[in-house]
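Work through these exercises with the model open. Each one sets a task and then solves it in steps.

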Amino acid sequence: ANTPDAGASVHCKIQVNGVDAPGTQLDVHANAAGIEQGQQQITFDDQGGTLPSALCEKDDWGDGDTTGWVCQASTEITLPPQVVIDLINTVFDTINGVLALVDLNPVLCPLLQAVGPQNIGGVIIIDANGSLTITDPLGLVVVYNTCP
């Protein structure tokens, strides 16, 4: 009937390789108003993600009804994969290293000072002294030039 249930409780735990991981179970019981809240910091060993892990929950109500333990596989997906991110970072680090060797300021700064200050959607920012910052909306690429 959607009424608060002061006898309700929620139980959570993590399983690794089909076995309850020690120290990961959290049992939270409702207060008199039927509100449940709780937290705890946990650690568990899934051997660097090589073992399957699952997040499990069991809900109990004051009338004795229960869901029983329901476990769902936990997954973590990094898109793009870390190897691609590492490659992109290496490319940009290399480009930045090469650009650091070339001093464009004598040419670039006077041109940018002539059009500055500008803020184009927070993506392209030119300040009054000609310093330039370009940031893509995803935060993957940041180009900047600092003028004296």
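Strands are DSSP runs of E with at least two residues, and they are numbered from the N terminus. By that rule N119 belongs to strand 6, which covers residues 118–120. The model is a predicted one.

**Exercise 1. Place N119 in its surroundings.**
Task: Is N119 buried or exposed, and which residues does N119 contact beyond its neighbours within four places in sequence?

Solution.
- Step 1. Take the cut-off: exposed means over 50% relative accessible area.
- Step 2. N119 has a relative accessible area of 52%, so N119 is exposed.
- Step 3. Set aside the neighbours within four places in sequence; N119 then contacts I124 and I125.
- Step 4. Check a separation along the chain. T133 is 14 residues from N119, and their C-alpha atoms are 9.6 Å apart.

**Exercise 2. Describe the overall make-up.**
Task: How many helices and strands does the protein have, and what pattern do they follow along the sequence?

Solution.
- Step 1. Count the elements: 2 helices and 9 strands.
- Step 2. Read them in sequence order: β-β-β-β-β-α-α-β-β-β-β.
- Step 3. Turn to burial. The protein has 148 residues, and 18% of them count as buried.
- Step 4. Take the contacts with a separation of 6 or more. Residues 24 or more positions apart make up 36% of these.
- Step 5. Add the surface. About 10,700 Å² is exposed, with 59% supplied by carbon and sulfur atoms.

**Exercise 3. Follow K13 to its partners.**
Task: Which residue forms a salt bridge with K13, and over the face of which residue does K13 lie?

Solution.
- Step 1. Find the acid. D20 pairs with K13, with 3.0 Å between the closest N and O atoms.
- Step 2. Find the ring. K13 sits over the face of W69, at 3.9 Å from the ring centre.
- Step 3. Classify K13. Buried means under 20% relative accessible area; K13 has 9%, so K13 is buried.
- Step 4. Classify D20. Its relative accessibility is 38%, so D20 is partly exposed.

**Exercise 4. Complete the salt-bridge list.**
Task: How many salt bridges are counted, and which residue does D60 pair with?

Solution.
- Step 1. The count is 2.
- Step 2. One of them joins D20 and K13.
- Step 3. D60 and K58 also form a salt bridge, at 3.8 Å from N to O.
- Step 4. D60 has a relative accessible area of 16%, so D60 is buried.
- Step 5. K58 reaches 21% relative accessibility, so K58 is partly exposed.

**Exercise 5. Examine the nonpolar surface.**
Task: Which residues form the nonpolar surface patch, and what is their accessible area together?

Solution.
- Step 1. List the members: V83, V84, L87, I88, V91, F92 and I95.
- Step 2. Together they have about 570 Å² of accessible area.
- Step 3. Locate one member. F92 lies in helix 1, residues 82–100.
- Step 4. Classify F92. Its relative accessible area is 31%, so F92 is partly exposed.
- Step 5. Look for ring pairs. The whole structure yields 0 aromatic pairs.

**Exercise 6. Inspect a backbone angle.**
Task: What is the phi of N17, and where is N17 found?

Solution.
- Step 1. Phi of N17 is positive, about 55 degrees, although N17 is not a glycine.
- Step 2. N17 is in the loop between strand 1 (9–16) and strand 2 (19–20).
- Step 3. With a relative accessible area of 48%, N17 is partly exposed.

Notes. Residues numbered from 1 in each chain as written. Predicted model: local features only at pLDDT ≥ 70, side-chain atom pairs only at ≥ 80, totals over all residues. Heavy atoms only, no water. Helix = DSSP H or I, 4+ residues; strand = E, 2+ residues; numbered from the N terminus. Buried < 20%, exposed > 50% of the residue type's maximum accessible area, 1.4 Å probe, protein only. Contact = heavy atoms within 4.5 Å. Areas by Shrake-Rupley, 256 points an atom, 1.4 Å probe, with all protein chains shown as cover. Patch = residues over 30% accessible without salt bridge, like charges linked within 9 Å, V, L, I, M, F, W, Y side chains within 5 Å. Salt bridge = Lys/Arg side-chain N within 4 Å of Asp/Glu carboxyl O. Phe/Tyr/Trp six-rings, centres within 6.5 Å; stacked < 30°, edge-to-face > 60°. Lys NZ or Arg CZ within 6 Å of the ring centre and 35° of its normal.
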